[in-house]
Amino acid sequence: GDTAHVLFGNVCLGPGGGLTLGFWSNKNGQRLTSSSDLTFLGNLCLRNASGTDSDPGTAAALATWLLNANAANMANMLSAQLAAMELNVRHHFVNQNAFVYAPCLLNYAPIQGLNTLGFININDLMAAANTELCAHGLTPSGSPYRAYQGCLKNTLDDANNNENFVQSSPCSFSFAP
């Protein structure tokens with residue numbers, strides 16, 4: 001029956017403003033996508049399903065590319081998640097300095113900006129994803145680079161779905177009686 005105030009240093013994960021592939025491929029996302037966004041994305045190492053460079057020239061082409069992305073070539077699915085996050089940052093939905101939890105990346109350290117607890121800011125996460133896409137554009141099943149790309153993709157997907165952003169205060173917690 002004793003009560004005490006205990007601080008565990010809990011980290012709360014949750015939303016950070018991310019918008020999904022679905023948003024960026026629908027009419028609302030297409031309306032926001034500018035020619036400078038398309039030029040910016042064209043300068044990244046985004047990949048098509050075949051592993052070739054992707055450079056959608058219109059918002060409609062980008063929408064089709066996002067909707068058709070799949071993980072048969074993990075670089076293609078990673079590219080789609082990276083493109084969505086880049087647009088989230090460019091349109092100020094997500095702060096590039098916000099931290100996300102990415103414990104799977106600890107298996108691939110050292111990664112610029114990744115701390116020993118598995119937290120990385122969005123800017124460093126996007127840079128790591130683009131660097132990996134530049135190096136390995138075709139990662140089918142059996143590729144030694146597929147697992148790392150899958151980890152990057154899942155981290156970006158979680159962020160685009162507002163699941164892994166570090167919140168400004170700990171989550172509440174209650175002990176069951």
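**Helix H6 and its surroundings in the predicted model**

The buried residues of helix H6 are Ile-122, Asp-124, Leu-125, Met-126, Ala-128, Ala-129, Asn-130, Glu-132 and Leu-133, where buried denotes a relative accessible area under 20%, exposed one over 50%, and partly exposed a value in between, for a 1.4 Å probe and protein chains only. The structure is a predicted model, in which local features need pLDDT of at least 70 and side-chain atom pairs count only at pLDDT 80 or more, whereas totals for chains, interfaces and linings use all residues. Residues are numbered from 1 along each chain as its sequence is written, and side-chain values use heavy atoms, with hydrogens and water left out.

Among the elements that cover the buried residues of H6 are helix H5, strand S2 (99-101), strand S3 (119-121), helix H7 (146-160) and strand S4 (165-166). Helices (H or I, at least four residues) and strands (E, at least two) are DSSP runs numbered from the N terminus. The 14 residues of H6 should span 20 Å at 1.5 Å a residue, and the end C-alpha atoms of the helix are indeed 20 Å apart; the expected span is 1.5 Å times one less than the number of residues. The N-terminal end of H6 is capped by Asn-121, of which a side-chain oxygen lies 3.1 Å from the backbone nitrogen of Asn-123.

Helix H5 (residues 74-90) packs with helix H6 (residues 122-135) at an angle of about 145 degrees, the two axes being 10 Å apart; axes are lines fitted to C-alpha atoms, for helices over the stretch in contact, and angles run from 0 to 180 degrees between N-to-C directions. The crossing of H5 and H6 is left-handed, a term applied if the near helix is turned anticlockwise from the far one by less than a right angle. From H5, Ala-75, Leu-78, Ser-79, Leu-82, Met-85, Glu-86 and Val-89 meet Ile-122, Met-126, Ala-129, Asn-130 and Leu-133 of H6, contact meaning heavy atoms within 4.5 Å. The residues of this contact divide into 9 nonpolar, 2 polar and 1 charged, where Ala, Val, Leu, Ile, Met, Phe, Trp, Tyr, Cys and Pro count as nonpolar, Asp, Glu, Lys and Arg as charged, and the others, Gly among them, as polar.

One residue from each helix was considered in turn. Cys-134 lies in H6 and is partly exposed, with a relative accessible area of 39%; leaving aside its neighbours within four places in sequence, Cys-134 is in contact with Cys-45 and Arg-47. Gln-81, in H5, is buried at a relative accessible area of 4%, and its contacts, again without neighbours within four places in sequence, are Leu-21, Lys-153, Leu-156, Asp-157 and Asn-160.

The loops contain several residues with notable backbone geometry. In the loop between H5 and S2, His-92 has a positive phi of about 65 degrees although it is not a glycine, and this residue is exposed, with a relative accessible area of 70%. Asn-162, in the loop between H7 and S4, likewise is not a glycine yet has a positive phi of about 60 degrees, and counts as partly exposed at 23% relative accessibility. The peptide bond from Ala-109 to Pro-110 is cis, with omega near 10 degrees, and Pro-110 is found in the loop between S2 and S3.

For the protein as a whole, the secondary structure comes to 7 helices and 4 strands, and 44% of the 177 residues count as buried.

Technical notes
A polar contact is a pair of N or O atoms within 3.5 Å; within protein, one must be able to donate a hydrogen and the other to accept it, and residues adjacent in sequence count only if both atoms are side-chain atoms.
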